[in-house]
Amino acid sequence: MLLQVQNLRSNNMQYSLPRDLLLTFFLFSSIFSASHACNQIDRNYLLSLPFNTSSPSLNWSATDCCNWEGISCDHKGRVTHIWLPSKGLRGSVPPYIGNLTSLSHLNLSRNALSGFLPVRFFSAFNQLEVLDLSNNHLAGDVSLLFSSNGSSNGWPSSIRLLDISNNDFNGIIQSWFLQRAEKLDKLNVSHNSFTGSIPNYLCMHSPFVKLLDFSFNHHSGQIPGGLGACSKLEIFRAGFNSLSGLIPHDIYSATRLEEISLPSNNLTGPISNDIVNLTKLTCLELYENELSGKLPVDIGKLNRLKHLLLDTNHLTGSLPPSLMNCTNLMILNLGFNFFEGNISTLDFSRLHQLATLDLWNNKFTGSFPISLSSCKSLRAIRIARNQLEGQIPPEVVQLKFLSFLSLSYNRLTNVTGAINILMRCKSLSLLTKNFLHEALPTEDSIVDPDGFQNLQYLGLAQCQLTGQLPIWLSKLKKLEILGLSFNRITGSIPGWLSTLPRLSRINLSHNLILGEFPKELCALPALVSKQALMDNSSLIFSIFAIRNGTIFEFNSLSNVGPKISLENNGLSGNIPLEIGHLKQLHGLNLSHNYFSGNIPDQISELTNLERLDLSANQLSGKIPKSFISLHFLHEFSVANNNLCGAIPSGTQLQSFDVSAYEGNPGLCGAPLPNECGHILHSNKDIQDEEDGPAIRWSHISTILGLIIGFWGVIGPLILSHNWRVVYFEFLENVKNRLCVMVRNVLG
């Protein structure tokens, strides 16, 4: 019995315990909820914010603002967090937002906010830890955002993160800007319009800062000293400004640095060998400056380096062998310097992570480094404009991910071997000005004519190659650009080029090509329809084109523009009427050939045309009036032909220089000095002169008629007496009758 009572008590306790816990939970929940009830004053301020949103409106319908989207409160119900990034917010930031005095986190980044921030905005928040206003359209002089007279004690000591990047802020960042920001961890003021020097004593006021980003502004002067005191500094960026002078030496004392990014400035002097103290460095970007001297001999000690970009400077000397100890390198860009030495002696085989290698425009000698074939991750190689010799080694085939190869302007040989290797490349092969005076490989000399599966750009210009356009080009089904200018190619333009579905830019200029413009070429799919246009993805390295002496840089194939260039050949015949089908063309150059006949009116159907050159041919007739529809035309020439008539007026054709029309004596009208009235009068005189013999024969026939009529009457009167008697008797009778008639009328 006692056991049963004990069991009953035990069971009652089992049931009562959960009920007690549940009651306690509700009790604490009520207290907790009551303590978190939104402060009504803060709630009213939030409701007054003039934010509109292009996306679904904010979920701010609940009574308790602490439960609103993007809002958090403390235990007193005071708003501490406004966290609304990427909400499509529009409007301005009002002054009364500073009345939210408990605010510690304000994130309005990646919206469309605009206008000026309120005066004293930055100094209004005493407890602010995080301020992120990046990626908006906010403006104003930062120095005036602390107080009305520009003076301030700086940021609150609580600030840890400050990001106002990608806005329209301006002014000078004063030295007191961060003088109280002792807890600052990250500062990003990039992509604005700040001027003046980068503030001094950054690390004195903020010794624990990890990120400093001043890039993409208008800062000038030297990089301030004292960065070595930033014991926690990991990232320092100040690129794309107008900074000058030397790299401050004490920066090499900030041993926790992982990234130094100072590109596109005016920095001078050498890179100190003390940089090897920064053993944690993974990214060093100093490109587009005026740095000089040699690379640090012990640079290989930076074995954590992943990105080394030093291109476009004045660096000299050979590459130190220790560079090959940077086995984590992914990007090595040393182009456009004055480096020299035999590049084939360098052992790249340990750089297994290397994805892009750019050594272009230096003075390297030797042959293509075979050791690069061990860099299995390579996607792009550019060693153009050096002094390499020999052949492209067959080991390049092992680079399965290689999509960009530029070896132009070297002294390479064996074009057939190069084509057999490069037919396996994924994307671009730029081999301009190599293989001098060799013959274009034929179908028989190509190992695998079906191997061209991915090649998008084949550049073999300025090689003086001989032979005809080979049939294996028809296998390049992904080819978008074919560059074979400045060679000695003969024969005609084959119609099978039109079978290449993505070909949109053909440059066969400055060759020895004969025949006509093939009508089949007017059916190129990529030039007929937008749907077949080329890939617009970004290139790993930019490609360059020279136009009228100006160098243009392109970062995608689509930006190069659809064009057909056939100038300086021996082409003849009429320009086909079917040319009007190539509606995607941006450029057409048929100059310096022997084309004859009229300019096809159908060219006016190429409404995307920007450049048209038909000069130095044997074209005749008039310039079609329909050319007024070529609204995008900004380069034009029909000089040195046999054209006549008036230049169509009221169009952009009058905006071109006189040289665009010279060498056509029959042309008239602006911009030519000869007026069309003078030309037409001269033409009439010419016509009269041409019709002169006909006019003289009509005069002669009239005179002959008069003579015959006169002598037909007078001759018989002189020669015959009887005719004279009869004739005068007839005249006497006529006279008598007239006298009788006159008397009767008067009587």
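User: Hello! What is the handedness of the disulfide of Cys668 and Cys676, left-handed or right-handed?

Analyst: Happy to help, and please keep in mind that this is a predicted model. Cys668 and Cys676 have their sulfur atoms 2.2 Å apart and form a disulfide. The torsion about their S-S bond is about 100 degrees, so the disulfide is right-handed.

User: Which of the two, Cys668 or Cys676, is buried, and which is partly exposed?

Analyst: Buried means under 20% relative accessible area. Cys676 has a relative accessible area of 21%, so it counts as partly exposed. Cys668 has 2%, so the buried one is Cys668.

User: Why does Cys644 not form a bond with the closest cysteine sulfur?

Analyst: A disulfide here needs sulfur atoms within 2.5 Å. Cys644 itself is partly exposed, at 34% relative accessibility. Its closest cysteine sulfur belongs to Cys668, and that is too far for a bond because the distance is 9.0 Å.

User: How many disulfides are there in the whole structure, and what is the pairing of the bonded cysteines in sequence order?

Analyst: Searching the whole structure gives four disulfides. Among them are Cys38 with Cys65 and Cys66 with Cys73. With the bonded cysteines of the protein numbered in sequence order, the pairing reads 1-2, 3-4, 5-6, 7-8.

User: Where in the chain do Cys38 and Cys65 lie, and how many residues apart are they?

Analyst: The sulfur atoms of Cys38 and Cys65 are 1.6 Å apart, and the two form a disulfide. This pair links distant parts of the chain: Cys38 lies in the loop between α1 (2-35) and α2 (40-47), while Cys65 lies in the loop between β1 (52-53) and β2 (71-73). Both Cys38 and Cys65 are buried. Along the chain, their separation is 27 residues.

User: And the link of Cys66 and Cys73: left-handed or right-handed?

Analyst: The sulfur atoms of Cys66 and Cys73 are 2.1 Å apart, and both residues are buried. The angle about their S-S bond is -100 degrees, and the link is left-handed.

User: Which residue in the turn of the β2 and β3 hairpin has a positive phi?

Analyst: β2 pairs with β3 (residues 79-83) in the antiparallel sense over three bridges, and Ile71 stands opposite Ile82 in β3. The hairpin has five residues between the two strands. In that turn, a positive phi of about 80 degrees belongs to Gly77.

User: What is the bridge partner of Trp83 in β5?

Analyst: Strand β3 also pairs with β5 (residues 105-107), here in the parallel sense and over three bridges. Within β5, the partner of Trp83 is Asn107.

User: Which strands do the buried residues of α4 pack against?

Analyst: Helix α4 (residues 415-422) is mostly covered, with six of its eight residues buried. Those buried residues are Val415, Ala418, Ile419, Asn420, Ile421 and Leu422. They pack against β29 (404-406), β31 (428-430) and β32 (457-459).

User: To finish with the whole protein, what percentage of its residues count as buried?

Analyst: The protein has nine helices and 47 strands. Its accessible surface comes to about 35900 Å², with 55% of that belonging to carbon and sulfur atoms. Of contacts between residues at least 6 apart in sequence, 57% join residues at least 24 apart. Among the 747 residues, the share that counts as buried is 47%.

Definitions and conventions. Residues are numbered from 1 along each chain as its sequence is written. This is a predicted model: local features need pLDDT of at least 70, side-chain atom pairs count only at pLDDT 80 or more; totals for chains, interfaces and linings use all residues. Side-chain values use heavy atoms; hydrogens and water are left out. Buried means under 20% relative accessible area, exposed over 50%, partly exposed in between (1.4 Å probe, protein chains only). Helices (H or I, at least four residues) and strands (E, at least two) are DSSP runs, numbered from the N terminus. Contact means heavy atoms within 4.5 Å. Accessible areas come from the Shrake-Rupley method with a 1.4 Å probe; for residues, only the protein chains shown count as cover. Two strands pair if DSSP finds at least two bridges between them.
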